[in-house]
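Visitor: I would like a close look at the ligand site, with the rest of the chain as background. Please walk me through the surroundings step by step.

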Amino acid sequence: MHILMATSEAVPFAKTGGLADVCGALPVELRRLGHQVSLIMPAYRHIHASGQRIHPTDVRFSIPIGNKTVTGGLLQSTLPDSDVPVYFVSQDEYFDRAELYREDGVDYIDNSERFVFFCRAVIEAIELLDLEVDVLHANDWPTGLIPAYLKTEYAGVPPYEQIASLLTIHNLAYQGQFWHWDMLLTGLDWKYFNWHQMEFYGNLNLMKTGIVFADAITTVSPQYAEEIQSAPLGCGLEGVLQSRRDVLSGVINGVDYRVWDPSVDSHIAAQFSPETVGEGKPACKTALQQTLGLPTVADVPLIGFIGRLADQKGLDLIVGMIHHWPASQPAQFALLGTGDPHYHETLTRLAAEQPERIAVRLEFSNALAHQMEAGLDMFLMPSRYEPCGLNQLYSLRYGTVPIVHATGGLLDTVTNSTEETLADGTATGFQIFDYSVNALDEATQRACALYHQPSRWRALMETGMKQDWSWARSAAQYASLYERIAARRRQQTIGSRR
Ligand code: ADP
């Protein structure tokens, strides 16, 4: 099978979020499973700083955008440590910019035009490169038009009629909505601009377009796939998602254990495995306390958070809980992140008031993120919603017990500690079922009580560390889905010829 992944970002070429991690890692795993895979993305300025060699090709094309014709070309590279080809759609006016989608908090004004061009270029590239594609895997709104072109303009046209399309939704909160006149840029007939297809409250909605026209849809966890079929997490698209629920499913993102594993991690003070966590974790904890300027006490739980300081991540609960944490219960808190200015202010104030108990780092530091995963005892992730989440998966691997809100990927990947799950050895963390400071406080107190029972705590850490959330597992699930939709597409093509 040949899978072409179309994406607006992929590690190591360009990244703003988890989408880039998925698109950098999944193709390599699919290749290992024996599939042919290619990746196609825009040739942003950033790709030249990836460390991978980028080659020119002689492929050029002209694309109709509204009433003008825009020319572009393709560059080529490979994903690191693999032979997976990566094609870059070059069009310097659109893509040779300082950022990917927005600068200084403002979206680029021509985002619809840029990604209409990209989607059409992907379709062109298939023919110009002579790719025999079975499945086109689109990701999020920037690629939402690709399934639409396949089902409309290119329906019944070889080599496109054989291609099945999959759309993966990484975060439904970002939908690519533009004013209705941008319909002209797409070149698609106005008849598709209706509330069943491309229109959403008078606007053009590219995520909705992808959802409507793709042969199948996935999200990055089974639970999120359920949640987006109703309000509020459906973000207004719950109806259209419900109407496609027979082809909607969830596949959890994988972790790159070459990078996020305490037994090989070069950023941390002491490497450790499930067998040596008893010595490794305390060494990493002491080093982290020193780095953060916290008292180096061993038997006080060190509780932390890493991530975007955004409402989505449940920062209001974290701040509320720390604020009311009883002085009688010794605990230390460490927070690493950047984001909303009001959280910067609040956290800075909290740390200044209680420097012996609270450490805050308002920066993006990959090394410190690794050191925190290794040195913390507990990880707070009470996200309001979480399509998949990576930090809880990293935490599990590092013996850092996650305390999460039971939503999306957090519900799917963390097993709540109860008397039963602790007894049968399946518990890996703590879940809150009610989005409130009280619930988070209660769960964290429960975790602290268990922390002071060393053998039970050790068992909890070890169970988490032994979980397998590798890409190999997720890639196998994607592969079987590709097989299914490709087979269905072939049948439909044969059927339509009769
Ligand atoms: P999201 O993609 O919604 O931001 P995830 O948990 O899926 O959340 O992934 C966040 C990723 O970004 C993790 O790899 C996390 O370690 C990293 N990260 C976020 N903020 C920071 C920061 N301030 N410093 C270092 N790494 C960070």
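Guide: Start with one cut-off: a polar contact is a pair of N or O atoms within 3.5 Å. Keep in mind too that this is a predicted model.

Now the ligand. Sixteen residues are not all equal here: of the 16 residues around the ligand, R308, K313, E363, S365 and L390 come nearest. Three of these offer polar atoms at listed distances. R308 uses its side chain, with a polar atom 2.8 Å from an oxygen atom of the ligand. E363 uses its backbone instead, with an N or O atom 2.8 Å from a nitrogen atom of the ligand. L390 also uses a backbone N or O atom, 3.1 Å from an oxygen atom of the ligand. How much of the ligand does the protein bury? Taken alone, the ligand exposes 560 Å², and the protein buries 87% of that.

Which elements give two or more residues to the shell? They are β15 (302–309), β16 (332–339) and α13 (391–397). Of the elements, β15 gives the most, with three residues. The shell is mixed in character: seven residues are nonpolar, six are polar and three are charged.

Next to consider is helix α12, residues 366–375. Seven of its 10 residues are buried, so the helix is mostly covered. The buried ones are L368, A369, H370, M372, E373, A374 and G375. What covers them includes β15, β16 and α13, the elements that also give two or more residues to the ligand shell. The cover of α12 also includes α9 (277–292), β17 (358–361) and β18 (378–381).

Now the packing further out. In soluble globular proteins, nonpolar side chains tend to be buried together. The largest nonpolar core in this model has 103 residues, and I40 and I211 touch the most other members. Helix α3 (residues 111–128) supplies the largest share of this core, 10 residues. Look at I211 more closely. Leaving out residues up to four places away in sequence, I211 touches L167, I169, L172, I217, L237, V240, L241 and R244. There is also a second, separate core of 70 residues, including L288, L302, L317 and F333.

Two buried residues make useful stops. V59 sits in strand β3 (residues 55–65). V59 has 11% relative accessibility, so it counts as buried. Beyond four places in sequence, V59 touches G72, G73, L74, L128 and L129. D468 is 409 residues from V59 in sequence, and the C-alpha atoms of the two are 42 Å apart in space.

N205 is the other stop. N205 lies in strand β12 (residues 203–205). Its relative accessibility is 0%, so N205 counts as buried. A polar atom of the N205 side chain lies 2.8 Å from the backbone nitrogen of K208. Neighbours within four places aside, N205 is in contact with Q175, G176, Q177, M198, F200 and L237. L237 appears among the contacts of I211 as well.

Finally, some backbone details. Where are the cis peptide bonds listed here? One joins V11 and P12, with omega about 5°. P12 is in the loop between β1 (2–6) and α1 (18–32). Another joins A231 and P232, with omega about 0°. P232 is in the loop between α7 (222–227) and α8 (238–243).

Two aspartates carry a positive phi. For D130, phi is near 60°. D130 is found in the loop between α3 and β8 (135–139). Is D130 buried or exposed? D130 is exposed, because its relative accessible area is 64%, and exposed means over 50%. D140 also has a positive phi, about 60°, although it is not a glycine. D140 lies in the loop between β8 and α4 (145–151). Unlike D130, which is exposed, D140 counts as buried, at 10% relative accessibility.

Technical notes:
Residues numbered from 1 in each chain as written. Predicted model: local features only at pLDDT ≥ 70, side-chain atom pairs only at ≥ 80, totals over all residues. Heavy atoms only, no water. Near = heavy atom within 4 Å. Polar contact = N/O pair within 3.5 Å; in protein donor to acceptor, adjacent residues only side chain to side chain. Areas by Shrake-Rupley, 256 points an atom, 1.4 Å probe, with all protein chains shown as cover. Helix = DSSP H or I, 4+ residues; strand = E, 2+ residues; numbered from the N terminus. Nonpolar A, V, L, I, M, F, W, Y, C, P; charged D, E, K, R; others polar. Core = buried A, V, L, I, M, F, W, Y, C linked by side-chain atoms within 4.5 Å. Buried < 20%, exposed > 50% of the residue type's maximum accessible area, 1.4 Å probe, protein only. Contact = heavy atoms within 4.5 Å.
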